[in-house]
Amino acid sequence: MPESTSPLPTELAAGLKRDEHGLVAAVIQQHDTGEVLMLGWMDDEALRRTLSEGCVTFWSRSRGEYWRKGDTSGHVQHVRSVSLDCDGDAVLVRVDQVGAACHTGERTCFFTPLDVTP
């Protein structure tokens, strides 16, 4: 997305390194425990909404539309802080999660352990 059409402040828009679809990864973390809850995707508008509305908004790659976490499920993510990583290609959103973060009903999307064989 060209910086001139971004709804974000110029300096923030210039610092983002978006993928070929104009998206950055958004890691969602419980603010008080550090638990990683999920990964979603944001374009400039989703990030603007997240920063200005206090609830996390994503861009749904499968549906091709914005979705605010909790609007249908009630499992809201109240934003506590947002940080941009050093490369500008991901944001860390620290939230107060209400209910499950995963669409499966699990607290976190990262509930499937994998075997590690060093």
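The following paragraphs lead through a predicted model, beginning with its open sheet, continuing to its largest pocket and ending at the residue Phe 58.

The open sheet contains 4 strands, arranged in the order β2-β1-β6-β5, and their pairing is mixed. The edges are occupied by β2 and β5 (77–84); each of these has a single partner strand, so one side of each lacks a neighbour in the sheet. On average, and with direction ignored, neighbouring strands of this sheet are turned by 25° against each other. As a general point, strands of a sheet pair through backbone hydrogen bonds, in either a parallel or an antiparallel manner. Both kinds of pairing can be followed here by starting from β1.

Strand β1 comprises residues 24–30 and runs parallel to β6, residues 90–97, with 6 bridges joining the two. Within this pairing, Val 27 stands opposite Leu 92 of β6. On the other side of the account is β2, which runs antiparallel to β1 and is likewise joined to β1 by 6 bridges. Here Ala 25 stands opposite Trp 41 of β2. The two strands β1 and β2 form a hairpin with 5 residues between them, and in the turn Gly 34 has a positive phi of about 80°. Of the 7 residues of β1, 6 are buried, and the strand is therefore largely enclosed by the rest of the structure.

The pairing of β5 with β6 is antiparallel and involves 7 bridges. One of the facing pairs consists of Val 82 and its bridge partner in β6, Val 93. These strands also form a hairpin, with 5 residues between them, in which Gly 88 takes a positive phi near 80°.

Attention now turns to the largest pocket, which holds about 510 Å³ of space. Its lining consists of 22 residues, and those that lie nearest the centre are Met 38, Arg 63, Trp 67, Lys 69 and His 103. By character, the lining residues divide into 9 nonpolar, 8 polar and 5 charged. At least two residues of the lining come from each of β2 (36–42), β3 (57–60) and β4 (65–68). Of the strands, β2 gives the most, with 4 residues. Strand β2 is thus named twice in this description, as an edge of the sheet and as a contributor to the pocket lining.

The final stop is Phe 58, which is found in strand β3. Its relative accessibility is 1%, and because buried means under 20%, Phe 58 counts as buried. Leaving aside residues up to four places away in sequence, Phe 58 touches a set of residues that includes Ala 26, Ile 28, Met 38, Gly 40, Trp 41 and Met 42, together with Ala 46, Glu 65, Tyr 66, Trp 67, Lys 69 and Gln 77. Among these contacts are Met 38, Trp 67 and Lys 69, which are also listed with the residues nearest the centre of the largest pocket. Although Phe 58 and Lys 69 are 11 residues apart along the chain, their C-alpha atoms are separated by 7.5 Å.

How values were computed:
Residues are numbered from 1 along each chain as its sequence is written. This is a predicted model: local features need pLDDT of at least 70, side-chain atom pairs count only at pLDDT 80 or more; totals for chains, interfaces and linings use all residues. Side-chain values use heavy atoms; hydrogens and water are left out. On a 1 Å grid over the protein atoms alone, a cavity is a set of points where a 1.4 Å probe fits but cannot get out, and a pocket is an open set with protein on both sides within 12 Å along at least five of seven lines; lining residues have an atom within 4 Å of a point. Grid points are joined across faces, edges and corners, and a volume is the space filled by probe spheres set on the points. Ala, Val, Leu, Ile, Met, Phe, Trp, Tyr, Cys and Pro count as nonpolar, Asp, Glu, Lys and Arg as charged, and the others, Gly among them, as polar. Buried means under 20% relative accessible area, exposed over 50%, partly exposed in between (1.4 Å probe, protein chains only). Contact means heavy atoms within 4.5 Å. Two strands pair if DSSP finds at least two bridges between them. Axes are lines fitted to C-alpha atoms, for helices over the stretch in contact, and angles run from 0 to 180 degrees between N-to-C directions.
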